[in-house]
Amino acid sequence: MKTIFEKSTGTGGMLLCDEDVNIDFIDKKFLRENPAGLPQVSELEVMRHYKELSDRNFCIEKGFYPLGSCTMKYNPKVNELLAGLEGFANLHPLAGDENSQGALELMYKLQEALKEITGMAAVSLQPAAGAHGELSGMMVIKKYFEVKGELRRKVLIPDSAHGTNPASAVECGFETIPVPSNNKGQVDIEALKGVLDKDVAAIMMTNPNTLGIYEENVLEISDLMHKNGSLLYYDGANFNAIMGYTNPGLMGFDVVHLNLHKTFATPHGGGGPGAGPIGVAPHLEEFLPAPVISFDGQKYYRNYDLKYSVGPVKAFYGNFGVLVRAYAYILMMGKNLKTASEDAVLNANYLKEKLKKAYLLPYDVPCMHEFVLSGDKQKEFGVSTLNIAKSLMDNNIHPPTVYFPLIVHEAIMIEPTESESRQRLDEFVQVMLNIAQEARTNPEKILSAPHTAPVKRIDETSAARRPDLKYNEE
Ligand SMILES: *Cc1c(COP(=O)(O)O)cnc(C)c1O
């Protein structure tokens with residue numbers, strides 16, 4: 001496919017302003033010597049160009065997107081409409097509190113809703129993504145011990161954790177200690193006790209964990225940690241499994257982040273923008289990134305007055321548009337947030353049961369909103385998980401998350417979400433069963449997939465680090 005620059009005809013573009021507009025007031029040193037070299041194409045060709053690009057992209061509106069851990073649920077379009085309202089979209093971030101009452105009220109009420117949903121005492125909306133929430137949360141934990149005058153250098157991380165967890169802890173200057181899982185796919189309590197000492201600041205946990213399994217011993221773990229003077233960090237990326245049923249407050253956690261773009265319906269294929277608010281228990285309230293939004297009974301205002309605040313972690317107040325979408329989604333769903341979790345869990349268990357004969361299921365237990373298969377059976381015929389993923393693309397299905405979590409060999413991590421119908425799930429099952437069948441009878445076909453995608457097999461590391469936007473196999 002040609003770039004827009006290659007499509008430029010040299011004529012037909014839009015003139016931004018008349019050439020005789022007086023620009024004498026601009027200092028000469030700021031003016032370009034040569035024209036900017038913008039592509040010149042007609043409006044129609046611009047439309048065709050972007051339509052062609054978007055057709056090459058995959059999105060939830062195009063097909064099933066069971067990308068484990070990422071919660072690719074349907075994002076209701078009314079959220080877009082609301083986030084685009086002029087008063088929200090065009091409000092200047094430097095406008096004073098008195099001129100921003102509507103936006104501040106929305107943020108305040110979102111904080112209140114997230115407090116309720118997480119069981120936490122206070123919330124800051126600033127962090128711009130899940131990983132950024134983790135970093136901010138670990139900064140809070142670090143400062144908490146500094147203020148207490150305790151030096152604690154270690155953070156415990158279960159071996160099923162998302163890679164961002166150890167990265168965030170290390171970024172904060174902690175040393176990470178892995179905790180192995182037991183044969184039920186849960187934190188091994190004895191192993192945890194073995195590494196718990198007075199140098200441990202915190203444990204970072206995901207519940208349900210990245211195997212989609214609920215940590216049954218979470219209360220015992222929180223007890224152990226607190227008795228040791230350590231804190232518990234909750235990675236809330238898997239919140240879609242538990243909304244309204246339980247919350248990290250009830251489980252004894254001290255700090256939580258949510259991925260609003262996952263659980264609370266903002267489109268996030270392609271990487272952003274997102275929002276990763278953090279919530280904290282009462283003893284950490286004064287450490288939150290400032291400002292938080294407060295209400296004095298009359299006015300909403302930006303509150304910078306937090307005694308031990310770790311400071312701002314983001315320019316202005318986070319990705320405001322994502323906050324609008326999340327608030328709209330929460331209001332629209334109301335008590336049905338609970339139903340969403342029910343359906344997400346039901347859908348995942350349905351798929352798991354339908355697929356476990358054809359694919360290896362290393363942890364054969366009831367799952368929460370996602371589950372992890374292994375491609376080991378297919379590997380015997382030379383077909384790897386990567387091949388299976390590529391083959392799904394030929395069936396208009398986005399590949400699941402693969403090779404994660406690391407503790408499952410040839411991992412295939414499937415998260416259907418609540419938005420899919422039984423019919424869609426059955427279609428997916430059929431495709432997966434066909435692939436398993438072909439892995440045995442016609443492996444060549446799977447090994448050479450994808451057959452229908454615009455590009456076939458690429459070196460994924462180079463594709464991410466040195467993207468070649470003109471790459472064309474034909
Ligand atoms: C997605 C995810 C994260 C990171 O969130 P981002 O918003 O992508 O930074 C962390 N932990 C888990 C379990 C996740 O699924």
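**A tour from H49 to the ligand shell**

Select H49 first: beyond residues up to four places away in sequence, H49 touches M1, K2, T3, I4 and K7. The model on display is a predicted one. Display the side chains of H49 and K7 next; a polar contact of 2.9 Å joins them. Colouring by secondary structure places H49 in helix α1, which covers residues 43-56. H49 counts as buried because its relative accessible area is 5%, under the 20% cut-off.

Now colour the chain by domain. The assignment gives domain 1 as residues 1-56, domain 2 as 91-333 and domain 3 as 339-465. Between the C-alpha centres of domain 1 and domain 3, the separation is 43 Å.

Move next to the ligand and select the residues that surround it: S69, A129, G130, A131, E134, H162, T164, D235, A237, N259, H261 and K262. By class, this shell comprises 3 nonpolar, 6 polar and 3 charged residues.

Three distances may then be inspected in turn:

- At G130, a polar backbone atom is 2.8 Å from an oxygen atom of the ligand.
- At H261, an N or O atom of the side chain lies 2.7 Å from a ligand oxygen atom.
- At K262, a polar side-chain atom is 2.8 Å from an oxygen atom of the ligand.

On its own the ligand has 380 Å² of accessible area, of which the protein covers 86%. To finish, select α5 (130-148) and α10 (260-263), the elements that give two or more residues to the shell around the ligand. The most is given by α5, with 3 residues.

Conventions. Residues are numbered from 1 along each chain as its sequence is written. This is a predicted model: local features need pLDDT of at least 70, side-chain atom pairs count only at pLDDT 80 or more; totals for chains, interfaces and linings use all residues. Side-chain values use heavy atoms; hydrogens and water are left out. Helices (H or I, at least four residues) and strands (E, at least two) are DSSP runs, numbered from the N terminus. Buried means under 20% relative accessible area, exposed over 50%, partly exposed in between (1.4 Å probe, protein chains only). A polar contact is a pair of N or O atoms within 3.5 Å; within protein, one must be able to donate a hydrogen and the other to accept it, and residues adjacent in sequence count only if both atoms are side-chain atoms. Contact means heavy atoms within 4.5 Å. Domain bounds come from an automatic or database domain assignment. A residue is near a molecule or strand if one of its heavy atoms lies within 4 Å of it. Accessible areas come from the Shrake-Rupley method with a 1.4 Å probe; for residues, only the protein chains shown count as cover. Ala, Val, Leu, Ile, Met, Phe, Trp, Tyr, Cys and Pro count as nonpolar, Asp, Glu, Lys and Arg as charged, and the others, Gly among them, as polar.
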